[in-house]
Amino acid sequence: MARRCNAALEHLLIFIVSLDFTFNFTSAQLRYSLPEELTTGAAVGNIAKDLGLEPSVLIDRGFRIVSGSKDSLFQLSDNGVLHISRKIDREEVCDQTASCIVNIKTVLENPLEVHYVTIEVLDVNDHSPTFPKNETHLEISESALSGARFQLQDARDPDSGLFSVQQYKLSQNDHFRLEIKDRGQDGKIPVLFLHKPLDREVARIHRLLLTAADGGKPPRSGTMGIVINVLDVNDNMPVFTRESYTVELNENSLVGTTVIQVNATDKDEGLNGEVVYSFGDNVNNKLRKLFEIDAITGAITVKGLLDYEAKDRYEIDIKASDKGPVPLSTEKSVIIVVVDLNDNVPEIEVTSLSSAIPEDSKPGRTVALISVSDKDSGVNGKVICSIIDDVPFTLTPSLQENMFSIVTKSLLDREHKSKYEVTIIAKDAGESALSIQKTISVTVSDVNDNSPEFSTSPYNFYVTENNVAGASLFSLDAFDYDEGDNAHVSYTIPRSGAAHKTATTFLNINSETGTIVALKSFDFETLKTFHNTLGDPPLRLYWFPQTSLHSSVLATAAEEDE
């Protein structure tokens, strides 16, 4: 069996790749198919190879699965191969749906790439049809006319498509034939058709064998015995007053709400003409937990919680039976159409979020990816997404439905604001709109875009002659609006040009502290004037014996990283 599945897998693996460069990230979509019941660890497909990615970069780029419609069915290896993390039972995952699809999303960082992977789980014929009972008993009056029909309990097969129940066969007999009522997605219902009237005096009991078979090759089958007890008298069965019953019902209707009232009449008199109502034998326990019927009035009422998102249509068989000693009954289907209400709040999922955005980012840079969803249908499930704060960010829709990018819409300035709280609101389009908010934090990282500034301009200092060489004269102070290394200031005195060279013969500055020291002793009688007008801010130094002599020198502050 495993060899056949693996061989099938080789022929069934397909993929579709589509690239989206619209919003500064790359996306692709892959599609694979695999049969159910593969062993744990079996390879589904080489995502890295199919996308043309080098396996060596996957770990550094954080290649991972970020979401999926079915939890923990798949896992990614370090080399980009998608594996089955546990044995997949299609009937457990998809519950007899026509197509079993599992969707997952994978993400790579630096640069950001989002890839969508669709895996179709194919059915294998691993179940046989089974009936609820090994044997069922019917009581049929000998007065029943040819053409009377008796609905039987159908067989169930967890498999889907051709591997579900495809046909019924009835054992050879003189009185009964088999008809099939096709309910579409709800399956085929066997109906016993009375071909030849019964004679209780000839045979009181008839034993038949009903066989259900699926469409596999070879087919699987199951059987149920039918025991028919032939009864006498009471020769009229109840008849419903309408050919069909269809009603609309809002989801979340209160328990006890009347859905519809059916009515049947019986031409007999007395107990043989009194009608009681019940669910048909084919109504399963799930329906019985949701609805109940009044045996006397025929009123169907709500018993449990109805959810449009779980199921939007129900077909219930109602049986009308008389009270004769040999009860006769007939069945009629009631179709209940569930109407969707706006009862689900939208959901917001942050698929990817950058840890920090440089302040020199250009408008249009992607900050985060989000997806929104709403379990309701129609306009109730249509989600409108927006940012409600006055922030330099905006939402742009992706080609993928209900996928949005948060991008910058204007220039950023960390010195003005270094962190933003971005609040996204998702609101559905229902009449009584429901909404949800989600706030994400966006940090603006620093770039070296500010020059140092002196705290005073100009600087004026006075010193006397005959000062001690090497002694500190005064200190300069400069600051920078950037942060970290970009704000670390160092000090120098320019040495280019004649004026600068003159200054450097007299003065020196500590590059870390900005403290200026004299390289020699000043002599007022030797140098009466020391003048330097270069620099911003200008630095003027005055020294004097009895009268003042003034001079100015240049000092500059520069960022250490320059």
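The structure holds 14 salt bridges. This is a predicted model. Three of the ion pairs are set out below, together with a four-residue network, namely Arg-31 with Glu-120, Arg-61 with Glu-113, Arg-414 with Glu-483, and the group of Arg-183, Arg-313, Glu-315 and Asp-317. Two pieces of strand architecture follow: an open sheet of four strands, and the pairing around strand β5.

**Salt bridges**

- Side chains of opposite charge can pair when their charged atoms come close.
- Arg-31 pairs with Glu-120, and their closest N and O atoms are 3.4 Å apart. Arg-31 belongs to strand β1 (residues 26-35) and Glu-120 to strand β7 (residues 113-122), so this contact ties together parts 89 residues apart in sequence. Arg-31 is partly exposed, at a relative accessible area of 26%.
- Arg-61 and Glu-113 form a salt bridge through their side chains, at 2.9 Å from N to O. Arg-61 sits in the loop between α2 (47-51) and β3 (64-68), while Glu-113 is in strand β7, so the link spans parts that are 52 residues apart in sequence.
- Which side of the burial cut-off does each partner fall on, buried or exposed? Arg-61 counts as buried because its relative accessibility is 13%, under the 20% limit. Glu-113 also counts as buried, at 11%.
- Arg-414 meets Glu-483 in a salt bridge, with 3.4 Å from N to O. Arg-414 lies in the loop between β29 (403-408) and β30 (419-428), and Glu-483 in the loop between β35 (478-479) and β36 (489-492); the pair therefore ties together parts 69 residues apart in sequence.
- Arg-414 is buried, at 10% relative accessibility, whereas Glu-483 is partly exposed, at 41%.
- Arg-183, Arg-313, Glu-315 and Asp-317 are joined into one network by salt bridges that share partners.

**The four-stranded sheet**

- The open sheet has four strands in the order β8-β14-β13-β10, with mixed pairing.
- Which strands form the edges? They are β8 (135-141) and β10 (165-170), each pairing on one side only.
- From one strand to the next, the twist averages 25°.
- Within this sheet, β13 (residues 205-214) and β14 (residues 221-231) pair in the antiparallel sense over nine bridges. One of the bridge partners is Ser-221 in β14, which sits opposite Ala-213.

**Strand β5 and its partners**

- In a regular strand the side chains alternate between the two faces of the sheet.
- Strand β5 covers residues 81-84. Val-81 and His-83 point one way, Leu-82 and Ile-84 the other way, and all are buried.
- Strand β2 (residues 43-46) runs antiparallel to β5, and three bridges join them. Asn-46 has Val-81 of β5 as its bridge partner.
- Strand β4 (residues 74-76) also pairs with β5 in the antiparallel sense, over three bridges. Here Leu-76 has Leu-82 of β5 as its bridge partner.
- How many residues lie between the strands in the hairpin of β4 and β5? There are four. In this hairpin Gly-80 takes a positive phi near 85°.

Technical notes: Residues are numbered from 1 along each chain as its sequence is written. This is a predicted model: local features need pLDDT of at least 70, side-chain atom pairs count only at pLDDT 80 or more; totals for chains, interfaces and linings use all residues. Side-chain values use heavy atoms; hydrogens and water are left out. Two strands pair if DSSP finds at least two bridges between them. Axes are lines fitted to C-alpha atoms, for helices over the stretch in contact, and angles run from 0 to 180 degrees between N-to-C directions. Buried means under 20% relative accessible area, exposed over 50%, partly exposed in between (1.4 Å probe, protein chains only).
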